[in-house]
Amino acid sequence: ANQNITWETTRMTDAGLDASVMGGKLALTADYYVKTTSDILYNVSASAMLGASPSFSNAGAVENRGWDFNLSYKYTLGDILFTISPMFSVNKNKVTSLANVKLDINKGLFVGYPIGSSYGFVADGLFVNQADISSYATQPFPTQPGEIRYKDISGPNGVPDGKVDYTYDRTVIGSPIPTSTYGLSLTAKYKGFDLALLLQGEGGRKDMIMSWHFTGLPDGGNIEQWQYNERWTSANPDRNAGFPGMTFNWYPSFEPSTYWIKNATFLRLKNIQIGYTIPSKFTKKVYLDNVRIYVSGENLFTISHFYPSWDPEMHINDWYGWYPMTRLLLAGINVNF
């Protein structure tokens, strides 16, 4: 064990503004912050040839820098009363130091990039035929039409060398951390009716479903309908097909690459509830103090360009994938005697 480890240290700097005008009807809160965490306890990756795992050490530092905005507006017109509150946050996360190295691929840590970043090849569509394979940069493994072709982005001399390999042609290709979060809450009342609504979402996250999630055919399992419909075929050799050719030699397409990176930006109707309170002149006649009827829903719809039917927010881990978000519909009645 490392006898020299110490506590992690966090330093936070925040400058904020709170403003209220129009008799409190319009309010704004804005904050700019810089949060740095140093001496992070970190188990540095080591080659399996070592035969042991290094002990934890204070070997890393991370910075979070961003803005938070919250706005609230209240409005009354006759019997109508509503409050609308949008919020927006921007955050830039990056690793600022990492032991004595610039990257730890196994743990998704790269100096200058967000925690958990994806690392892999840059995809350049799919090979359409054998002539395409022969005229393109040499791939790191045997390849056939319908498989992903990887770009030659560098070489030993810092320039493309006509050969794709693991040392010079992989780079940071995605991040699971959103650069922005946003939302909007709305409440409204009109006589006996009431409405409450919440929208929320994330932006700027580019996440990757590892391709072993798509190995149904070689593994004797099933695939999703969209994978079959959008696949590359020899009859329709589309370089930009939504899914590689379905063959039993899929290994070249399993490599982490930008082909599997999807924009996980989304906007979700998180919750909505509509209610009606029966006027007291009716409830008093049956000895009731208050009666409210309501219907509500959660996760009713999501606007996203992520993988079909996969939820962009529910990334658990690469082995168990994305658990689907549950949609909930409720109807109820509140009675006060």
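What is the relative accessible area of D289? D289 has a relative accessible area of 41%, and therefore counts as partly exposed, a class that lies between buried, meaning under 20% relative accessible area, and exposed, meaning over 50%, as found with a 1.4 Å probe on protein chains only.

## About the model

This is a predicted model, in which local features need a pLDDT of at least 70 and side-chain atom pairs count only at pLDDT 80 or more, while totals for chains, interfaces and linings use all residues. Residues are numbered from 1 along each chain as its sequence is written, and side-chain values use heavy atoms, with hydrogens and water left out.

## Salt bridges

Side chains of opposite charge can pair when their charged atoms come close. In the whole structure, a search finds nine salt bridges, each being a side-chain nitrogen of Lys or Arg within 4 Å of a carboxyl oxygen of Asp or Glu. One of them joins R149 and D132, whose closest N and O atoms are 2.9 Å apart. This pair links distant parts of the chain, since R149 belongs to strand β9 (residues 148-150) and D132 to helix α1 (residues 130-135), 17 residues apart; here helices (H or I, at least four residues) and strands (E, at least two) are DSSP runs numbered from the N terminus. Both partners are buried, R149 with a relative accessible area of 10% and D132 with one of 7%.

D132 also forms a salt bridge with R239, where the closest N and O atoms are 2.8 Å apart. R239 lies in the loop between α2 (225-229) and α3 (251-254), whereas D132 is in helix α1, so this salt bridge ties together parts that are 107 residues apart in sequence. Unlike the buried D132, R239 counts as partly exposed, with 26% relative accessibility. A further salt bridge brings together the side chains of K284 and D289, at 3.1 Å from N to O, and K284 counts as partly exposed at 48% relative accessibility. Salt bridges that share partners also join D124, D132, R149 and R239 into one network.

## Nonpolar cores

In soluble globular proteins, nonpolar side chains tend to be buried together. The largest nonpolar core in this model has 26 residues, of which L126, I148, Y150, Y259, W260 and Y307 touch the most other members; such a core is a set of buried Ala, Val, Leu, Ile, Met, Phe, Trp, Tyr and Cys residues joined through side-chain atoms within 4.5 Å. The elements that give two or more residues to this core are β8 (123-126) and β9. Separate from this core is a second one of seven residues, which includes I40, Y42, L98 and L109.

Which residues surround I148, when those up to four places away in sequence are not counted? I148 touches A123, G125, L126, F127, Q139, P244, S253, S257, Y259 and W260, where contact means heavy atoms within 4.5 Å.

## A nonpolar patch on the surface

L17, L28, W67, F69, L71, F88 and V90 make a nonpolar surface patch of about 560 Å². Two strands, β3 (57-77) and β4 (80-98), each supply at least two residues of the patch, and β3 gives the largest share, with three residues. F88 has its place in strand β4 and is partly exposed, its relative accessible area being 36%.

## T37 and its surroundings

T37 is found in strand β2 (residues 26-42), and at a relative accessible area of 16% this residue is buried. The side chain of T37 makes a polar contact of 3.4 Å with the side chain of T10. Leaving aside neighbours within four places in sequence, T37 is in contact with E8, T9, T10, G60, A61 and V62.

## Two positive phi angles

Most residues other than glycine have a negative phi. Y287, however, has a phi near 60°, a positive value in a residue other than glycine. Y287 lies in the loop between α4 (280-283) and β16 (290-304), and is exposed, with a relative accessible area of 74%.

Phi is also positive in N299, near 55°. N299 is found in strand β16, and with 8% relative accessibility this residue counts as buried.

Note on methods: Patch = residues over 30% accessible without salt bridge, like charges linked within 9 Å, V, L, I, M, F, W, Y side chains within 5 Å. Areas by Shrake-Rupley, 256 points an atom, 1.4 Å probe, with all protein chains shown as cover. Polar contact = N/O pair within 3.5 Å; in protein donor to acceptor, adjacent residues only side chain to side chain.
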